[in-house]
Amino acid sequence: MLDLFDLTGTAAHDIVRMVLVWTAWPTLLYFVALNLTYAVLVLLGFVDIRRSASRRSVLDLAESATAPVSLGLTVVMPAYNEAAVITDSVRSSLALDYPDHEVVVVNDGSTDDTLEVLRTAFDLVPSTRRVDPGPQVDLRGRIRQVYEAKDPGTPLIVVDSENSGRSDATNAGIGLAAKDLVVIFDADSIMDPDALLLAVQPFLDDPLRVVAVGGNIRAVNGSRVVAGRVTEEGMPRGWLARFQVVEYLRAFSLGRAGWSRLRTLLLISGAFGVYRRDVLLTVGAFDPDTIGEDFELTLKVHRWCRRRGRAYRMVFASDPTCWTEVPDNLPVLRRQRVRWHRGLWEVLWMHRDMLLNPRYGRIGMIGLPYYWLFELFAPLFELLGTVLIVAALVTGAVDAGMALALLGIALGCGILVTVLSILLEESSRRRRSTARDLVIMISCAFLENLGYRQLTAVWRIQGWWQALRGRKAVWGEMTRTGFTGS
């Protein structure tokens, strides 16, 4: 009887060997397929980024910044307990090089001094402007007061509302917007001065078809910020934030650029996205009932355009850059990753009828199958592979050299893709990293596999499990340290 519980016993040995026979190779093939797919996306993204860089070299942004344009922009910035960073964010947005833009901040019932900081910094007075989101959008938070800057030369509107969540706060800002385009922008972020000029280019190039543009997101931790602008790039001191720098580079700069190149972009980040306001109001803007509201909005726009046979494009632009503060402690990072994966599941399930549906073209036949197989199930396979390798080594069910070889193949593919992403990104950027920072980023490609990726996989599965159990979704709060001295 004791032999049944002896991990080195014959019974355990045979059981583990049988499990490995049926699962090891499929799991290995899964990881190889995942990383090969990502390598293709990275290469496509690199082609897209190089084309953008070539085009940018002939653009006269200085002239564009002072020339009249036909598309005005409203920067909508939902804010909840952002007192530490809100002033820099708003000043950065007001100072953007764009001839016709306004900034709308929606204070979503903050419990800190966010509203008072804004009142003091920008000398706010009551405004007569009214929120009108149209019949498709049902605002859930009561609007307490609308303010504007006392200085008529400062195009700033601040909405004070009851706390009702980020989606509802954003919808209130969209309803208040007075311009053709709406830029969704997080209050914990800042944009490069030319971000709006670059983000609007796809609309100017193809005004009849482009309905949305996603911008690039980079981690601001470790960079120097002065007067709401990133003046010097750098790597964070802590490894937790460093790993996220590499994640953002892999996902945004090249991954989403690849999807955009395939015209199968499924996600425009809520941290920095530009939409036609009329399209937003027609589809009902952000859904307050899902925690993956930016993903859901992107799919909703795809659905609406495809069902009506509208010729349209959704584009990722790598040049316009938004800088955001990433979590630098485990509890906050855990809440973020749990929320992200829960939102992924909720939205995929909500739009499951689009999966493998020819009516939705590349979205239904390529993009969504990828998200189901390689985004939703990735943490499950990642943990399964780790458990299988450990079990094989402990029980001696397979040769140790073979087990380590399988592990090396699975990890090596991912490391290779990450290093490739870093090198391709560096070769195409306007600003190059220092040799020290480049070494740190490449080191992250190796070190993130020693616990960090496994930990985030556990958190993602927790988010999925919470959704399956029907537990109430909560955003949680991220502690801000502020930009200066990041």
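How much space lies in the second largest pocket? This report on a predicted model starts there and then turns to three helix pairs.

## The second largest pocket

The second largest pocket holds about 760 Å³ of space. Its lining is made up of 28 residues, and those nearest the centre are Asp-48, Pro-202, Ser-260, Arg-313 and Val-315.

Several elements give two or more residues to this lining: α1 (10–56), α7 (201–205), α8 (239–261), α10 (293–307) and β12 (313–324). The largest share is that of β12, with eight residues. If you sort the lining by class, you will find twelve charged, ten nonpolar and six polar residues.

## Helix α8 against α11

Helix α8 also has a packing partner, so to speak, in α11: the two pack at an angle of about 30°, with their axes 11 Å apart. Because angles under 35 degrees count as roughly parallel, α8 and α11 are therefore roughly parallel to each other. Their crossing is left-handed.

On the α8 side, the contact is made by Leu-240, Gln-244, Glu-247 and Tyr-248, and on the α11 side by Leu-330, Leu-333, Gln-336, Arg-337 and Trp-340. By class, the contact of α8 with α11 has five nonpolar, two polar and two charged residues.

## Helix α11 against α16

Helix α11 (residues 330–350) packs with helix α16 (residues 452–469) as well, at an angle of about 50° and with the axes 7 Å apart. That angle makes α11 oblique to α16. Here the crossing is right-handed.

From α11, the residues in contact are Leu-330, Leu-333, Arg-334, Arg-337, Val-338, His-341, Arg-342 and Trp-345. They meet Tyr-452, Leu-455, Thr-456, Trp-459, Arg-460, Gln-462, Gly-463, Trp-464, Gln-466, Ala-467 and Leu-468 of α16. The contact of α11 with α16 divides into ten nonpolar, five polar and four charged residues.

Leu-330, Leu-333 and Arg-337 of α11 are worth picking out in your viewer: they take part in the contact with α8 and also in the contact with α16.

## Helix α3 against α4

The last pair is helix α3 (residues 86–94) and helix α4 (residues 114–122), whose axes come within 10 Å and cross at roughly 50°. The two are therefore oblique to each other, and α3 passes α4 in a right-handed crossing.

Ile-86, Thr-87, Val-90, Arg-91 and Leu-94 of α3 make this contact with Thr-114, Val-117, Leu-118, Ala-121 and Phe-122 of α4. Seven nonpolar residues, two polar ones and one charged residue form the contact of α3 with α4.

Definitions and conventions
Residues are numbered from 1 along each chain as its sequence is written. This is a predicted model: local features need pLDDT of at least 70, side-chain atom pairs count only at pLDDT 80 or more; totals for chains, interfaces and linings use all residues. Side-chain values use heavy atoms; hydrogens and water are left out. Axes are lines fitted to C-alpha atoms, for helices over the stretch in contact, and angles run from 0 to 180 degrees between N-to-C directions. Helices (H or I, at least four residues) and strands (E, at least two) are DSSP runs, numbered from the N terminus. Angles under 35 degrees count as roughly parallel, over 145 as roughly antiparallel, 65 to 115 as roughly perpendicular and the rest as oblique. A crossing is left-handed if the near helix is turned anticlockwise from the far one by less than a right angle, and right-handed if clockwise. Contact means heavy atoms within 4.5 Å. Ala, Val, Leu, Ile, Met, Phe, Trp, Tyr, Cys and Pro count as nonpolar, Asp, Glu, Lys and Arg as charged, and the others, Gly among them, as polar. On a 1 Å grid over the protein atoms alone, a cavity is a set of points where a 1.4 Å probe fits but cannot get out, and a pocket is an open set with protein on both sides within 12 Å along at least five of seven lines; lining residues have an atom within 4 Å of a point. Grid points are joined across faces, edges and corners, and a volume is the space filled by probe spheres set on the points.
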